[in-house]
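Colleague: Could you take me on a close look at the aromatic side chains in this protein? I would like to see how the rings sit with one another and what lies around them.

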Amino acid sequence: MRLRWGSGVVLACGLLLALPALAETKAFDPVAATDAYLASVPADAKAKSDAYFEGGYWLQLWNLLYGLAVAWVLLRFGLATRMRALAQRVAGRGFFGSALLGALYLLAVAVLSFPLTVYEGFIREHQYDLSNQTFGGWFGELMIGLVVNVLIIGLAIGALYAAIRAAPRRWWLWGTGLGVVFLVIGLLIGPVFISPLFNDYKPLEPGPVRDQVLSMARANGVPAHDVLTWAFPRVLAHWGAGWGVEDLQDPAGLPLLMALLSVYFLLASPVMNTLIRSQEAEADLFGLNASRQPDGFATVALKLGEYRKLDPGPLEELLFFDHPSGRSRILMAMRWKAEHLDK
């Protein structure tokens with residue numbers, strides 16, 4: 001069982017708690033109240049949380065470098081072309097051959113990346129007391145996730161290369177559309193068929209919490225003009241012949257495509273993080289307005305500091321945080337409280 005809760009679930013539950021409020025006076029200072037909440041966290045707990053989260057910055061770099069090394073091994077030693085030959089011999093040169101190659105690629109990456117995966121997903125989580133899973137339990141979930149990825153992402157890779165073959169000049173447009181389709185499918189089937197493979201879900205028993213959650217949901221009505229090319233053709237022109245990769249349509253170039261995408265997404269992460277963080281802030285504000293429990297919100301935001309740095313610098317939050325930091329969330333709650341003291 002993992003000890004970490006999703007931030008949205010924790011915050012949603014915390015909003016319903018009737019917690020003792022700070023002194024409500026006309027001179028209420030949201031910044032001072034935020035500092036008071038942050039000061040309530042023991043120094044050793046804060047240091048542990050900071051160390052865990054800051055270590056994640058380095059893991060982003062190590063994951064990128066490790067992934068590039070795996071791609072180089074697959075290309076340099078001809079493993080990608082051997083996988084292509086096997087896949088095409090078994091399933092042909094069309095959609096199914098590319099899908100099978102995608103599955104073989106995922107399996108090869110999983111094997112070559114296993115040491116880093118063990119450290120990042122098992123050893124490190126136990127070092128910071130964020131998991132009590134046995135290695136067997138953790139490995140079992142890892143294998144379930146691998147099977148799911150092989151099936152779904154393998155089909156997606158087959159569809160991507162079908163789009164590249166059908167529209168060599170506009171493949172990026174069709175590929176984007178296919179990506180959206182697979183994303184929507186994943187969002188639809190994930191909660192129903194995939195998440196239960198890793199978690200046990202049970203209906204909330206009748207009681208005040210259930211009634212308040214349902215009431216809150218009912219009350220709030222919950223029932224380009226520029227195109228950037230990847231560097232694939234230029235890299236292929238320099239090293240493709242030595243790797244045995246013919247062109248963009250050759251599925252043996254999948255490791256190179258994934259390596260370039262990993263670099264792109266790492267460089268784009270500050271922008272993507274900012275977009276997600278802004279949406280999460282809007283969701284937090286919606287929750288505050290719906291529940292009207294700023295102190296409950298602030299208290300639970302502190303609990304998320306078990307694995308998330310509570311008080312980063314502005315630049316640090318901009319670059320690395322895909323959710324508002326603890327300070328940002330608590331300050332939002334205290335500003336909300338200051339504007340509603342007389343209401």
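Modeller: Happy to! Let us begin inside, with Phe53 and Phe321, both of which are buried. Please keep in mind that this is a predicted model. The ring centres of Phe53 and Phe321 are 4.5 Å apart and their planes meet at 40 degrees, so this pair is tilted; planes have to be under 30 degrees apart to count as stacked.

For a stacked pair, turn to Phe135 and Phe139. The centres of these two rings lie 6.0 Å apart with the planes at 15 degrees, so they count as stacked. Both residues belong to helix H7, which covers residues 135–166, and they are 4 residues apart, about one turn of the helix. What about their exposure? Phe135 has a relative accessible area of 38%, so it is partly exposed. Phe139, at 30% relative accessibility, is partly exposed too. Phe135 and Phe139 also belong to an aromatic cluster, together with Phe114, Phe122 and Trp138. Across the model, the count of aromatic pairs comes to 12.

Some rings have a charge for company. Over the ring of Tyr52 sits the charged end of Arg124, 4.3 Å from the ring centre. Phe77 has a similar partner in Arg76, whose charged end sits over the ring at 5.8 Å from its centre.

Next, follow helix H3, which spans residues 43–76, to find Trp62. This tryptophan has 43% relative accessibility and therefore counts as partly exposed, since that value falls between the 20% limit for buried and the 50% limit for exposed. On the surface, Trp62 joins Trp58, Leu61 and Leu65 in a nonpolar patch. Together, the four residues of that patch have about 420 Å² of accessible area.

One last stop, this time at a histidine. His340 is in the segment that follows helix H14 (326–339). With a relative accessibility of 22%, His340 counts as partly exposed, because only values under 20% count as buried. If you would like a landmark for His340, try Arg292: the two are 48 residues apart in sequence, and their C-alpha atoms are 9.1 Å apart in space.

To retrace the ring pairs on your screen, you could start at the tilted pair of Phe53 and Phe321, then go on to the stacked pair of Phe135 and Phe139.

Notes:
Residues numbered from 1 in each chain as written. Predicted model: local features only at pLDDT ≥ 70, side-chain atom pairs only at ≥ 80, totals over all residues. Heavy atoms only, no water. Phe/Tyr/Trp six-rings, centres within 6.5 Å; stacked < 30°, edge-to-face > 60°. Buried < 20%, exposed > 50% of the residue type's maximum accessible area, 1.4 Å probe, protein only. Helix = DSSP H or I, 4+ residues; strand = E, 2+ residues; numbered from the N terminus. Lys NZ or Arg CZ within 6 Å of the ring centre and 35° of its normal. Patch = residues over 30% accessible without salt bridge, like charges linked within 9 Å, V, L, I, M, F, W, Y side chains within 5 Å. Areas by Shrake-Rupley, 256 points an atom, 1.4 Å probe, with all protein chains shown as cover. Salt bridge = Lys/Arg side-chain N within 4 Å of Asp/Glu carboxyl O.
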